[in-house]
Amino acid sequence: MTRTALITGISGQDGAYLARLLLDKSYRVVGLAPRRGSDMFWRLRTLGVADDVRIEYADLNDAASVQRIVAREQPQEFYNLAAQSFVGTSWEQPVHTGLIGGIGVTHCLEAIRQTSPHTRFYQASTSEMFGKIQAPKQSETTPFYPRSPYGVAKLYGHWITINYRESFGLHASSGILFNHESPLRGVEFVTRKISLAAARIKLGLQDKLFLGNLDARRDWGFAGDYVDAMWRMLQQEAPDDYVVATGVAHSVRDFCEAAFSHLGLDYQRYVEVDPQFLRPAEVDVLLGDPAKAQARLGWSPQTNLKTLVTMMVDADLQRLQSPAAA
Ligand code: NAP
Ligand code: GDD
């Protein structure tokens, strides 16, 4: 029997990699997307899967639209990846961020509870919930202390997932994923901002790169590895929560050094700090402990920082040199 998987946030970075992974496993993939402009699905196209996914227009803030699709599709698996996911914007649009990241999750869970209770649910939780970290290495048992409206919203989404699991017996799991990047990352996130700028500077298209806090440290992995952990969670007999991380942290400065030196450039000549990119409350460091995911899911990261940086910088260089291929 063909399994159907429903993915919200299909037009985003993780949505594209997850769609490809599930299609490779012979799933029928239905993607939920809010109708926006005309070029929403460039990531699916880049991975060569745009024509293999069925798109349904739905907004997480429109409960009826989600419910209609869940009731009709009766999917085996539902991956909720939709969010206003840029932390910086969450201070400018805190209510919008909260509606999608918090209440929107409840809309998904209600749709499943009321119309398709056998559906297994994955919630895209985040290391941003650890915020002002309460332990040097964060695991599933580390207390949360979010530092942004985005992190606060995601904490609601995380706990409502656990609540529906405990209240209604849904197979609902939450993946606490640390930062994961790729050539398909949005250009507002620091890694892609750096890879793109380094490539542009190399080609003489840009002189400087302005960033905020160069000392922030993140546990960066590759998105292609992380969507595999999502899938593995939903194959478990019992639902649970898992940290997904590499267990290694680097600074923004380290990322700059790696990206520019890959192109034979010294980042110190080009990178400057602009206070407009500092945040009202910063998450100084995140470092995950993926031991549970390794032991229970058999998952481990396959891509180190150097490989990730190389992949991102090379992709940006190639896109700039042959824009039609982007
Ligand atoms: P992304 O590229 O920003 O994708 C988010 C997706 O959500 C986009 O397709 C977006 O569509 C969609 N969306 C936004 N508002 C929506 C709404 N009201 N209704 C339906 N869809 C909506 O994020 P990502 O990096 O792939 O991350 C996927 C998920 O994992 C997010 O929930 C994120 O918060 C979470 N997460 C990400 C990371 C990471 O490092 N990447 C780490 C931990 C957790 P538009 O682009 O059209 O708005
Ligand atoms: N975006 C950005 N732009 N960040 C900068 C800049 C800049 O110019 N300069 C320094 N930074 C620092 C930020 O202050 C932050 O400490 C770090 O770089 C990473 O920023 P982002 O790449 O924007 O990611 P994030 O960690 O805030 O959030 C991402 O990871 C979360 C998981 O921990 C997003 O993908 C979230 O959706 C995700 O939940």
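Is Glu73 buried or exposed? In this predicted model, Glu73 has a relative accessible area of 12% and is therefore classed as buried, the cut-off for that class being under 20%. The side chain of Glu73 nevertheless takes part in a salt bridge with that of Arg72, with an N to O distance of 2.9 Å. Arg72, at a relative accessible area of 42%, is partly exposed, so that this pair joins a buried acidic residue to a partly exposed basic one. The two residues also belong to a network of salt bridges in which Arg28, Arg54 and Glu56 are linked with Arg72 and Glu73.

Over the whole structure, the search for such pairs returns 17 salt bridges. One of the pairs is formed by Asp228 and Arg232, whose closest N and O atoms are 2.9 Å apart. Both residues are located in helix H7, which spans residues 223-234, and they are separated by four residues, or about one turn of the helix. Asp228 is buried, with a relative accessible area of 16%, whereas Arg232 is partly exposed, with a value of 25%. A further salt bridge connects Arg45 with Asp39, again with 2.9 Å between the closest N and O atoms. In this pair Arg45 is partly exposed at a relative accessible area of 47%, and Asp39 likewise counts as partly exposed, at 45%.

The surroundings of ligand 1 comprise 24 residues, of which Ser11, Arg36, Ser85, Tyr150 and Lys154 come nearest. Polar contacts to oxygen atoms of this ligand involve both side-chain and backbone atoms of the protein: an N or O atom in the side chain of Arg36 is found 2.8 Å from an oxygen atom of ligand 1, a polar backbone atom of Gln13 is 3.0 Å from an oxygen atom of the ligand, and a backbone N or O atom of His180 lies at 2.9 Å from one. Of the 890 Å² of accessible area that ligand 1 has on its own, the protein covers 88%. Two or more residues of the shell are contributed by each of helix H1 (13-24), strand S5 (120-126) and helix H5 (149-168), and the largest share, amounting to three residues, is that of S5. When the shell around ligand 1 is divided by class, ten residues are nonpolar, nine are polar and five are charged.

Ligand 2 is likewise surrounded by 24 residues, and those that come nearest are Ser85, Thr126, Ser127, Tyr150 and Arg279. Ser85 and Tyr150 thus appear among the nearest residues of ligand 1 as well as among those of ligand 2. For ligand 2, a polar side-chain atom of Glu282 is placed 2.7 Å from an oxygen atom of the ligand, and an N or O atom in the side chain of Arg218 is 2.8 Å from an oxygen atom of ligand 2. The backbone is involved too, through a polar atom of Val190 at 2.9 Å from a ligand oxygen. Taken alone, ligand 2 exposes 720 Å², and 96% of that area is buried by the protein. By class, the shell around ligand 2 consists of eleven nonpolar, six polar and seven charged residues.

Apart from the ligand shells, a nonpolar patch is found on the surface, formed by Val95, Leu99, Ile103 and Tyr156, which together have about 340 Å² of accessible area. Helix H4, covering residues 94-115, gives the most to this patch, with three residues. Val95 has its place in H4 and is exposed, with a relative accessible area of 59%, a value that qualifies because the exposed class begins over 50%. By contrast, Val87, located in the loop between strand S4 (77-80) and H4, is buried, with a relative accessible area of 9%. Between Val87 and Thr97, which are ten residues apart along the chain, the C-alpha atoms are separated by 9.2 Å.

Conventions: Residues numbered from 1 in each chain as written. Chains lettered and ligands numbered in written order. Predicted model: local features only at pLDDT ≥ 70, side-chain atom pairs only at ≥ 80, totals over all residues. Heavy atoms only, no water. Near = heavy atom within 4 Å. Polar contact = N/O pair within 3.5 Å; in protein donor to acceptor, adjacent residues only side chain to side chain. Areas by Shrake-Rupley, 256 points an atom, 1.4 Å probe, with all protein chains shown as cover. Nonpolar A, V, L, I, M, F, W, Y, C, P; charged D, E, K, R; others polar. Salt bridge = Lys/Arg side-chain N within 4 Å of Asp/Glu carboxyl O. Buried < 20%, exposed > 50% of the residue type's maximum accessible area, 1.4 Å probe, protein only. Patch = residues over 30% accessible without salt bridge, like charges linked within 9 Å, V, L, I, M, F, W, Y side chains within 5 Å.
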